Amino acid sequence: MSAEDIEWIIPGENWPLAGTHRGPAGLAVLLQRASDMLEISYPEPPEFVAQGDRVLVVGFASGKVKATNRTFKDHFVFAITVRNGKLTNIREYIDTQALARASQMDASGLA
């Protein structure tokens, strides 16, 4: 479903998933890292808005950061570009503050 030159961008700093992830190998690393770090559920189906080669996915997720056992709630938008039926670009807009708070360890090293 993804093009060889896919690019998935997650804005932010000091967050292990942030950055630009390129190609199938970069996509595999990103998805594995997310799976290792997070438990996520989507309590309701997202909204899809399409125009030309662009699709916006608007939704809500809730979850837990495994390392801290802290929960988060995340309203998100994925801006996706499709070329020849394949995903070529994904720019993810998430509640980085909610995820950062859920990722923080307290002073004792426990969440």
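This passage looks at the aromatic pairs and salt bridges of a predicted model.

On the aromatic side, the count comes to three ring pairs. Take Trp 8 and Phe 78: their planes sit at 70 degrees with the centres 6.1 Å apart, so this pair is edge-to-face. It also links distant parts of the chain, with Trp 8 in strand S1 (residues 2-10) and Phe 78 in strand S6 (residues 70-83), 70 residues apart. Phe 78 also pairs with Phe 76, this time in a tilted arrangement, at 5.3 Å centre to centre and 55 degrees between the planes. Both of these Phe residues are buried, and Trp 8 counts as buried too, at 12% relative accessibility. Add Tyr 42, and ring pairs link Trp 8, Tyr 42, Phe 76 and Phe 78 into a cluster.

As for charged side chains, the structure holds three salt bridges. Asp 5 meets Arg 83 at 3.0 Å, N to O. Since Asp 5 belongs to strand S1 and Arg 83 to strand S6, this bridge ties together parts that are 78 residues apart in sequence. Both ends are partly exposed, with Asp 5 at 47% relative accessibility and Arg 83 at 41%.

Strand S1 supplies Glu 7 as well, which is linked to Arg 22 in strand S2 (residues 19-22), 15 residues apart. Here the closest N and O atoms of the salt bridge are 3.0 Å apart. Glu 7 is partly exposed at 21%, while Arg 22 counts as exposed at 57%.

Finally, Lys 64 and Glu 39 form a salt bridge with their closest N and O atoms 3.8 Å apart. Lys 64 is in strand S5 (residues 54-65) and Glu 39 in strand S3 (residues 38-41), so parts 25 residues apart in sequence are tied together.

Definitions and conventions. Residues numbered from 1 in each chain as written. Predicted model: local features only at pLDDT ≥ 70, side-chain atom pairs only at ≥ 80, totals over all residues. Heavy atoms only, no water. Phe/Tyr/Trp six-rings, centres within 6.5 Å; stacked < 30°, edge-to-face > 60°. Helix = DSSP H or I, 4+ residues; strand = E, 2+ residues; numbered from the N terminus. Buried < 20%, exposed > 50% of the residue type's maximum accessible area, 1.4 Å probe, protein only. Salt bridge = Lys/Arg side-chain N within 4 Å of Asp/Glu carboxyl O.
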